[in-house]
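Q: Please take a close look at the aromatic ring pairs of this protein and set them in the context of the fold around them. I should like one connected account that I can follow with the structure open.

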Amino acid sequence: DMLRGKILFKASDALSIKLSGDYTDKDDREGAEFINLEGAPTQLGVAIGGTPSPGFYKSANDSDAQLHLEQAGGELRIDLDVGGTTLSSISGYRWSKLEARGSDLDTVDLPFQHDNYTEASNSYSQELQAVSDKTGPLTWIAGLYYFREGGDNTFNVFGQAIDASVGVPSGPNVGTLDGGAALNAKADVTTESFAPYLEGSYQLTDQLQLTLGGRYTWENKKLEENRVFLTGVVPGQQVPLFPPDGDRKLKFEKFSPKVSLNWKPISDVLLYVTYSRGFKSGGFNTPAFTPLVDSVEPETLDAYELGWKTEFGTVRFNGSVFYYDFKDLQIQRTDQTSGGTRVENAAAAKIYGIETDITWALTTAFELGVGGGLLQSEYKDYLGDAYVPAFSTQGCIAAGGVGSGNPACLGYAVEARDFSGDTLAQAPEASAYVRAQYEIPLPDAMGVLHANALYSYTDRYFYNPEHSLAEPSKNLVSASVSWVSEGERFQLTAFGDNLLDEEYDILKVRQGTGGWHVPALPRTWGVKLAANF
């Protein structure tokens, strides 16, 4: 369920107040069901007797997995025109709670390794902004941004694997074992950020414009507490495994500049060159099943771009070539202990490529578009861990190999590896699209019909640095027909997605017990009705 609304109050020609809000309540299994990628011996659940998935879209899980997401937010924006400058105050608040119960990490019909996860956050933001009007050779924007968020998360893993690790009798071979022995980690983190920014553009000549800008960010993150404990071992008690880790702070400061030069050699051609720096703060890897929570370094991106925007009659041709230089690139990996997500830093990486698109308005009603891109990526310096089949490790070989029955031969192990020179995860080398849209005005003020069709191609890419999880190239087709009433108050849309019924994934994950994937939707069609008030 989703609800959105906006109220705009024009107090005068100079003062406007806009209040907007939204609420979402989602309750289903999306993101909580796991489908195994392979069989024995690397898929541990299959190796110990579990039933593998019976099909691409079908899970063999034995738990009643559920995911419940509830979130709400609001924004109050006040704009005041003081003559030549608009002053704005933008206040925002967001609340969110996510709860996933009974997720089946072993991916089979055995209660070997299940988990529950909850995450809640409250955040507040305040922005003060001043924007000049567009008269004169100089235009500018200046502002102050403040953000504060308090969040907590709890992750608990339970099942026969946990029973064995804590020395309690293993539960039955059916059911979820919920309420039995569980390994828990609970963390609380507070984030506070403050950033002033300024950007100005000056028209040097009729053809040349220079833009300079900058943002300085101060950010503090505090680990209020991280507790690791067992439940279900001593009735009614939480048994701590380590002393609580908390009251630790991380501080980050970064200046993010921007320089851009625009040149219009003729009225229908714009050429530009831009340099900018992006900054993503670091943080704590929580929840963590370790005595001390490890931290993540901030990520820095230096971006260089040379582009063009042209329009000749009914044809628009835009594009750019770019080079991205990353330092301390943040990469999401799967934690060997819990199966949860953690972040680690690659020392450096680069991405470069080209993107173009052409739009052709054949008539006032019919428009065609085509576009694509070529991408090259590389880890310049990345010493990390790779998941390798456990049967290939020296420990397994020394124990007599897979046939020995040694548990060390099942699933995946982790070994150090140098990923330098390898392509980045989720970075396809080629992508392209073709689209068409047609608009038909209806007689007697009955509205307008819009018809749209889209074909897209994405080249093969990998989900992990070690390139053991690949997503094959895919061709997707979607189409829709919409009726929009006069005044755009009502809209009725019939749509179809993935019309070629391609089987492809939106996520693949490797972990110590094997791996799992999340399939994208198969061929889907439906009807949507929207009303604007």
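A: The account below begins with the whole chain, turns to the aromatic pairs, and then follows the strands and cores around them.

The model is a predicted one. The protein has 533 residues, of which 37% count as buried. Its secondary structure comprises three helices and 29 strands. Taken along the principal axes, the C-alpha atoms fill a box of roughly 80 × 50 × 50 Å. The accessible surface comes to about 28,000 Å², and carbon and sulfur atoms account for 57% of that area. Among contacts with a separation of 6 or more, 65% are between residues 24 or more positions apart.

The aromatic pairs number 16. One of them joins Phe 56 and Tyr 57, whose ring centres lie 5.0 Å apart; the planes stand at 90 degrees, and the pair is therefore edge-to-face. Phe 56 has a relative accessibility of 25% and so counts as partly exposed. Tyr 57, at 33% relative accessibility, also counts as partly exposed.

The pair of Phe 155 and Phe 289 is edge-to-face as well, because its planes are at 65 degrees, with 5.9 Å between the ring centres. Here the two rings come from distant parts of the chain, 134 residues apart. Phe 155 belongs to strand E7 (residues 138-158), whereas Phe 289 lies in the loop between strand E13 (283-284) and strand E14 (295-296). The relative accessibility of Phe 155 is 7%, which is under the 20% limit, so this residue counts as buried. Phe 289 is likewise buried, at 11%.

Phe 155 also takes part in a nonpolar core of nine residues, which includes Val 157, Ala 185 and Val 228. This core is separate from the largest one, described further below.

Ring pairs also build a cluster, made of Phe 194, Tyr 216, Trp 218 and Phe 255. A further aromatic ring, that of Phe 495, has a charge over it: the charged end of Lys 528 sits 5.3 Å from the ring centre.

The strand that carries Phe 155 can be traced to its neighbours. E7 runs antiparallel to E6, and 18 bridges join the two strands. Within this pairing, Glu 119 stands opposite Asn 153 of E7. The hairpin of E6 and E7 has five residues between the strands, and in it Gly 136 takes a positive phi near 90 degrees. On E6 (residues 114-132) there is also a pairing with strand E5 (residues 85-104), again antiparallel and joined by 18 bridges. Two tyrosines meet as bridge partners in this second pairing, Tyr 93 and Tyr 124 of E6. In general, strands of a sheet pair through backbone hydrogen bonds.

Tyrosines also appear in the largest nonpolar core, which has 13 residues. Those with the most contacts inside this core are Leu 329, Ile 331, Ala 346, Ala 349, Tyr 379, Tyr 382 and Leu 424. Strand E16 (315-334) and strand E17 (341-361) each supply at least two of the core residues. E16 gives the most, with four. The surroundings of Leu 424 can be followed residue by residue: beyond its neighbours within four places in sequence, Leu 424 is in contact with Leu 329, Ala 349, Lys 350, Ile 351, Ser 377, Glu 378 and Tyr 379.

Elsewhere, three strands form an open sheet in the order E3-E28-E27, with antiparallel pairing. E3 (35-36) and E27 (505-511) stand at its edges; each has a single partner strand, so one side of each is left without a neighbour in the sheet. Six bridges join E27 to E28 (residues 514-519). In this pairing, Asp 505 stands opposite Pro 519 of E28.

A final reference point is Gly 400, in the loop between helix H3 (394-398) and strand E20 (412-418). Gly 400 has a relative accessible area of 56% and is therefore exposed. Its C-alpha atom is separated by 51 Å from that of Thr 191, a residue 209 positions away along the chain.

To return to the request, the two edge-to-face pairs described here stand in contrasting settings: Phe 56 and Tyr 57 are partly exposed, whereas Phe 155 and Phe 289 are buried.

Conventions:
Residues are numbered from 1 along each chain as its sequence is written. This is a predicted model: local features need pLDDT of at least 70, side-chain atom pairs count only at pLDDT 80 or more; totals for chains, interfaces and linings use all residues. Side-chain values use heavy atoms; hydrogens and water are left out. Two strands pair if DSSP finds at least two bridges between them. A nonpolar core is a set of buried Ala, Val, Leu, Ile, Met, Phe, Trp, Tyr and Cys residues joined through side-chain atoms within 4.5 Å. Buried means under 20% relative accessible area, exposed over 50%, partly exposed in between (1.4 Å probe, protein chains only). Contact means heavy atoms within 4.5 Å. Rings of Phe, Tyr and Trp (its six-membered ring) pair if their centres lie within 6.5 Å; planes under 30 degrees apart count as stacked, over 60 as edge-to-face and the rest as tilted. A charge sits over a ring if NZ of Lys or CZ of Arg is within 6 Å of the ring centre and within 35 degrees of the ring normal. Accessible areas come from the Shrake-Rupley method with a 1.4 Å probe; for residues, only the protein chains shown count as cover.
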